[in-house]
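Q: I am new to this structure and would like a close look at a single part of it, with its surroundings explained step by step. Please go slowly, and say where each residue sits and what it touches.

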Amino acid sequence: MEISGIITAIIFGIIIGVLGRLVVPGRQRIGVLWTIAVGIVAALIGTALASALGVGDTDGPDWIEWLIQIGLAAVGVAALDRAKGRG
C-alpha cells in the first residue's frame, strides 16, 4: 500500500468514525484514536460488504455503501464504549 492509500484510509476513517459517533446517542468514553480506528475498520468492512451486495460501485455517489460504513462505525463505537465502561 502506498503512502497516499494510507493517508486516504486515515481520512476516511476519521470521517466514518465521527459520523458513526454522531449517530450513537449520549456521550462516548472513547478517545479520538479509537474513533479513527473504528472508522477505518468500518470503512474497510463496509466496502467489502457493499461490494458483496453489488452496491459498492454505482454511477453516482455510493450512498448505500456510506450508510453501511456509518452504521458499522456506530455499532463499533457503541460496542467499544460499552466495553470500556465495564473496565
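A: Ala50 lies in helix H2, in a model that is predicted. With a relative accessible area of 0%, Ala50 falls under the 20% limit and therefore counts as buried. Leaving out residues up to four places away in sequence, Ala50 touches Val55, Gly56, Glu65 and Ile68. The C-alpha atom of Ala50 is separated by 9.2 Å from that of Asp62, a residue 12 places apart from Ala50 along the chain.

Following helix H2 back towards its start brings us to Thr35, since this helix covers residues 32-53. Thr35 is buried as well, because its relative accessible area is 4%, and a polar atom of the Thr35 side chain lies 3.0 Å from the backbone oxygen of Gly31. Once the neighbours within four places in sequence are set aside, the contacts of Thr35 are Gly13, Gly17, Val18, Arg21 and Ile30.

One of those contacts, Val18, leads to helix H1, which spans residues 3-23. Here the setting changes, because Val18 has a relative accessible area of 41% and is partly exposed. Val18 belongs to a nonpolar surface patch of about 940 Å², whose other members are Ile3, Ile6, Ile7, Ile10, Ile11, Phe12, Ile14, Ile15, Leu19 and Leu22. Phe12, another member of this patch, has its place in helix H1, and at 39% relative accessibility Phe12 counts as partly exposed. Computed along the sequence, or rather counted along it, Phe12 and Val38 are 26 residues apart, while in space their C-alpha atoms are 11 Å apart.

Val38 turns our attention from the surface to the interior, for Val38 is a member of the largest nonpolar core, which has 6 residues in all and is made up of Val24, Ile30, Val38, Ala74, Val77 and Leu80. Helix H3, residues 63-86, gives the most to this core, with 3 residues. A second, separate core has 5 residues, including Ile16, Ala42, Ala43 and Ile70. As general background, nonpolar side chains in soluble globular proteins tend to be buried together.

Within the largest core, Val77 is a useful residue to follow. Not counting residues up to four places away in sequence, Val77 touches Val24, Ile30 and Val38, and its list of contacts also holds Gly17, Arg21 and Gln28. Ile30 is thus found among the contacts of Val77 and among those of Thr35.

Ile30 leads on to Asp81, a residue of helix H3: these two residues are 51 places apart along the chain, yet their C-alpha atoms are separated by 6.0 Å. Leaving aside the neighbours of Asp81 within four places in sequence, Asp81 is in contact with Arg27, Gln28, Arg29 and Ile30. With a relative accessible area of 12%, Asp81 is under the 20% limit, so it is buried. Its partner Arg29, by contrast, has a relative accessible area of 52%, which is over 50%, and so Arg29 is exposed.

The side chains of Asp81 and Arg29 meet in a salt bridge, with an N to O distance of 3.8 Å, and the count for the model comes to 1 salt bridge. This pair links distant parts of the chain, since Asp81 is in helix H3 and Arg29 is in the loop between H1 and H2, 52 residues apart. In general terms, side chains of opposite charge can pair when their charged atoms come close. A further link joins these residues, as the backbone nitrogen of Arg29 lies 2.7 Å from a polar atom of the Asp81 side chain.

The loop between H1 and H2 is also the place of Pro25. At 73% relative accessibility, Pro25 counts as exposed, because the value is over 50%. Pro25 and Ala78 are 53 residues apart in sequence, and from C-alpha to C-alpha they are 9.0 Å apart in space.

Technical notes. Residues are numbered from 1 along each chain as its sequence is written. This is a predicted model: local features need pLDDT of at least 70, side-chain atom pairs count only at pLDDT 80 or more; totals for chains, interfaces and linings use all residues. Side-chain values use heavy atoms; hydrogens and water are left out. Helices (H or I, at least four residues) and strands (E, at least two) are DSSP runs, numbered from the N terminus. Buried means under 20% relative accessible area, exposed over 50%, partly exposed in between (1.4 Å probe, protein chains only). A polar contact is a pair of N or O atoms within 3.5 Å; within protein, one must be able to donate a hydrogen and the other to accept it, and residues adjacent in sequence count only if both atoms are side-chain atoms. Contact means heavy atoms within 4.5 Å. Patches are made of residues with over 30% relative accessible area and no salt bridge: like charges are joined within 9 Å, nonpolar side chains (Val, Leu, Ile, Met, Phe, Trp, Tyr) within 5 Å. Accessible areas come from the Shrake-Rupley method with a 1.4 Å probe; for residues, only the protein chains shown count as cover. A salt bridge is a side-chain nitrogen of Lys or Arg within 4 Å of a carboxyl oxygen of Asp or Glu. A nonpolar core is a set of buried Ala, Val, Leu, Ile, Met, Phe, Trp, Tyr and Cys residues joined through side-chain atoms within 4.5 Å.
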